[in-house]
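Visitor: I have a structure to look at and some questions to ask. Could you take me through it?

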Amino acid sequence: MTHPVHIDVTTGSRHSPILIGEDLSRDLPSLLDQHGIGPRRFIVSSPIVWRLHGEGLRPVLGGGDPILLPDGERFKHLQSVAKVYETLIRANADRGSTIVAVGGGVVGDTAGFAAATFLRGIALVHVPTTLLAQVDSSIGGKVGVNHALGKNLIGAFHQPALVVIDPLLLKTLPRREFRSGLYEVVKYGVISSRSLFDRLDTESKAIFAKDGRSLVPAIVESCRIKADVVSKDERESGLRRILNYGHTVGHALEAVTNYRRFRHGEAIALGMLAAADLAAVRGALAERERSALSQLITKLGPLPAVADLSIPEVMEAIRRDKKVVNGRLHFVIAIEIGATMTIDDVTEDELKGVLVRLGLKG
Ligand SMILES: NC(=O)c1ccc[n+]([C@@H]2O[C@H](COP(=O)([O-])OP(=O)(O)OC[C@H]3O[C@@H](n4cnc5c(N)ncnc54)[C@H](O)[C@@H]3O)[C@@H](O)[C@H]2O)c1
Ligand SMILES: [Zn+2]
């Protein structure tokens with residue numbers, strides 16, 4: 001095994017280490033020991049992930065069984081959290097126990113919320129198994145679940161004691177899931193790194209082939225960008241908002257389709273196209289930059305259709321989103337590939353024009 005890359009999220013006096021390296025998950029027990037994680041470890045995973053990768057991770061359990069939560073956004077709710085609590089209580093888990101979340105963002109957010117709240121907070125380790133979880137949801141400490149009336153309404157900040165990212169775990173990930181995560185990598189390029197953006201374009205074949213020489217650096221750079229932003233603004237009072245690039249329209253598209261049509265990253269890809277269009281029309285983003293983004297997104301693969309979606313419904317969903325502060329919509333735009341600014345004077349007409357050009361019906 002090559003030496004892992006080490007990145008720190010630093011919030012206040014706390015360090016939350018992220019380790020990245022191929023095959024790292026095989027060394028999980030010793031990595032946990034090295035990072036001072038206590039011996040009582042509870043794995044939370046999903047049946048699919050455990051079937052594919054459980055054997056290699058079994059040593060972490062020391063003879064016990066994993067807590068398996070059903071996969072899917074609709075199971076990211078308090079009943080799943082309750083199932084975790086119940087197992088922990090029955091096993092006499094204490095404040096020194098640790099939850100090790102092995103799975104995609106759904107498992108990570110749910111298990112993470114259980115860790116944040118059980119006995120007012122126990123240690124959490126993330127072993128993310130989707131690309132989205134490796135570059136995004138396992139980093140930054142946001143954990144939580146959905147409520148029947150809305151997504152991610154119940155949550156907490158709980159920085160993991162350790163994040164172990166093993167890109168080889170992605171070998172079994174279906175192409176559409178992989179691509180969905182890749183759009184978040186595109187986002188990091190747009191908000192902060194021209195070179196990452198360019199490499200996604202020139203090395204797209206190798207990345208889709210999950211060739212470590214291209215994929216690992218892309219994951220590492222994404223994690224660095226997110227870790228850096230979160231270290232400067234854990235609670236999203238300012239800078240962290242740039243991570244919401246593409247998410248204003250993206251979240252609305254997900255909401256109006258009841259989270260069924262789009263994988264999260266796909267909605268964000270459309271949201272990034274919308275944000276780039278808005279910026280280009282305003283003259284804030286050069287047309288050649290807008291078109292580079294649009295070409296890269298097209299190159300990465302097909303996106304679900306939007307032509308049947310209603311513009312008034314999407315606008316309503318945008319208004320309801322958490323990004324409206326004091327009645328003003330905060331909108332992150334790119335001013336070039338690699339740099340952004342936040343604007344709060346987007347008009348309804350402007351937004352409508354963007355949605356029309358994105359292909360939505362009137
Ligand atoms: N906490 C945060 O900061 C944050 C950030 C972004 C997204 N999220 C959340 O993340 C969730 C989405 O996460 P996701 O995209 O990882 O989806 P997911 O957790 O639903 O996983 C997607 C699918 O991939 C399967 N899977 C996972 N790992 C696999 C592997 N290695 N091989 C084969 N199949 C595998 C799962 O069984 C599932 O069916 C959303 O709930 C979103 O709100 C949280
Ligand atoms: Zn996202």
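Visitor: Which residue follows H14, and what is the sign of its phi?
Guide: This is a predicted model. Helix H14 covers residues 348-358. The residue that follows H14 has a phi near 110°, and that value is positive; the residue is glycine 359.

Visitor: Which residues of helix H14 are buried?
Guide: Buried means under 20% relative accessible area. An α-helix has 3.6 residues a turn, so residues three or four places apart point the same way. In H14, the buried ones are Glu350, Leu351, Gly353, Val354, Leu355 and Leu358.

Visitor: What do the buried residues of H14 pack against?
Guide: Their partners include helices and strands. The strands are E11 (328-329) and E12 (331-336). The helices are H10 (247-256), H11 and H13 (311-320).

Visitor: Which residues are the protein donors of the zinc ion (ligand 2)?
Guide: Along the chain, the donors follow the spacing E-x62-H-x16-H. They lie 1.9 to 2.1 Å from the zinc ion. The donors are Glu184 (OE), His247 (NE2) and His264 (NE2).

Visitor: How many residues apart in sequence are the parts that glutamate 184 and histidine 264 tie together?
Guide: The donors of the zinc ion follow the spacing E-x62-H-x16-H. Glutamate 184 lies in helix H6 (residues 175-192), and histidine 264 lies in helix H11 (residues 264-282), so the pair ties together parts 80 residues apart in sequence.

Visitor: Are glutamate 184 and histidine 264 buried or exposed?
Guide: The cut-off for buried is under 20% relative accessible area. Glutamate 184 falls in that class, and so does histidine 264: buried.

Visitor: How many residues surround ligand 1?
Guide: Among them, the closest are Asp71, Glu73, Thr129, Thr130 and Thr172. By class, the shell has 8 nonpolar, 8 polar and 10 charged residues. The number surrounding ligand 1 is 26.

Visitor: Which element gives the largest share of the shell around ligand 1?
Guide: Helix H2 (47-57), helix H4 (105-117), helix H5 (131-137) and strand E8 (150-157) each supply at least two residues. The largest share is 4 residues, and it comes from H2.

Visitor: What share of ligand 1 does the protein bury?
Guide: Look first at the polar side chains. An oxygen atom of ligand 1 is 2.9 Å from an N or O atom in the side chain of lysine 76, and for arginine 263 that distance is 3.2 Å. Taken alone, ligand 1 exposes 870 Å², and the share buried by the protein is 89%.

Visitor: Which side chain does lysine 76 join by a polar contact of 2.9 Å?
Guide: Lysine 76 is in the loop between strand E4 (67-68) and helix H3 (78-90). Its relative accessibility is 3%, so it counts as buried. Residues it touches include Val106, Thr110, Gly144 and Asn152. The polar contact is with aspartate 109.

Visitor: Is asparagine 152 buried, partly exposed or exposed?
Guide: Asparagine 152 lies in strand E8. A polar atom of its side chain is 3.4 Å from an oxygen atom of ligand 1. Its phi is positive, near 50°, though it is a residue other than glycine. With a relative accessible area of 33%, asparagine 152 is partly exposed.

Visitor: What is the phi of asparagine 258?
Guide: Asparagine 258 sits in the loop between H10 and H11. Its relative accessible area is 52%, so it is exposed. Most residues other than glycine have a negative phi. Asparagine 258 has a positive one, about 55°.

Visitor: How far apart are the C-alpha atoms of glycine 21 and isoleucine 165?
Guide: Glycine 21 lies in the loop between strand E2 (14-20) and helix H1 (28-34). At 6% relative accessibility, it counts as buried. It touches Ile165, Asp166 and Pro167. Isoleucine 165 is 144 residues away along the chain, yet the C-alpha separation is 6.5 Å.

Visitor: Which side chain makes a polar contact of 2.7 Å with serine 25?
Guide: Serine 25 is also in the loop between E2 and H1. Its relative accessible area is 7%, so it is buried. It touches Leu57, Asp166 and Leu169. The polar contact is with aspartate 166.

Conventions
Residues are numbered from 1 along each chain as its sequence is written. Chains are lettered from A and ligands numbered from 1 in the order in which they are written. This is a predicted model: local features need pLDDT of at least 70, side-chain atom pairs count only at pLDDT 80 or more; totals for chains, interfaces and linings use all residues. Side-chain values use heavy atoms; hydrogens and water are left out. Donors are N, O and S atoms within 2.8 Å of the metal (3.2 Å for Na, K and Ca); water is not among the atoms, so sites may look incomplete. Buried means under 20% relative accessible area, exposed over 50%, partly exposed in between (1.4 Å probe, protein chains only). Contact means heavy atoms within 4.5 Å. A residue is near a molecule or strand if one of its heavy atoms lies within 4 Å of it. A polar contact is a pair of N or O atoms within 3.5 Å; within protein, one must be able to donate a hydrogen and the other to accept it, and residues adjacent in sequence count only if both atoms are side-chain atoms. Accessible areas come from the Shrake-Rupley method with a 1.4 Å probe; for residues, only the protein chains shown count as cover. Ala, Val, Leu, Ile, Met, Phe, Trp, Tyr, Cys and Pro count as nonpolar, Asp, Glu, Lys and Arg as charged, and the others, Gly among them, as polar.
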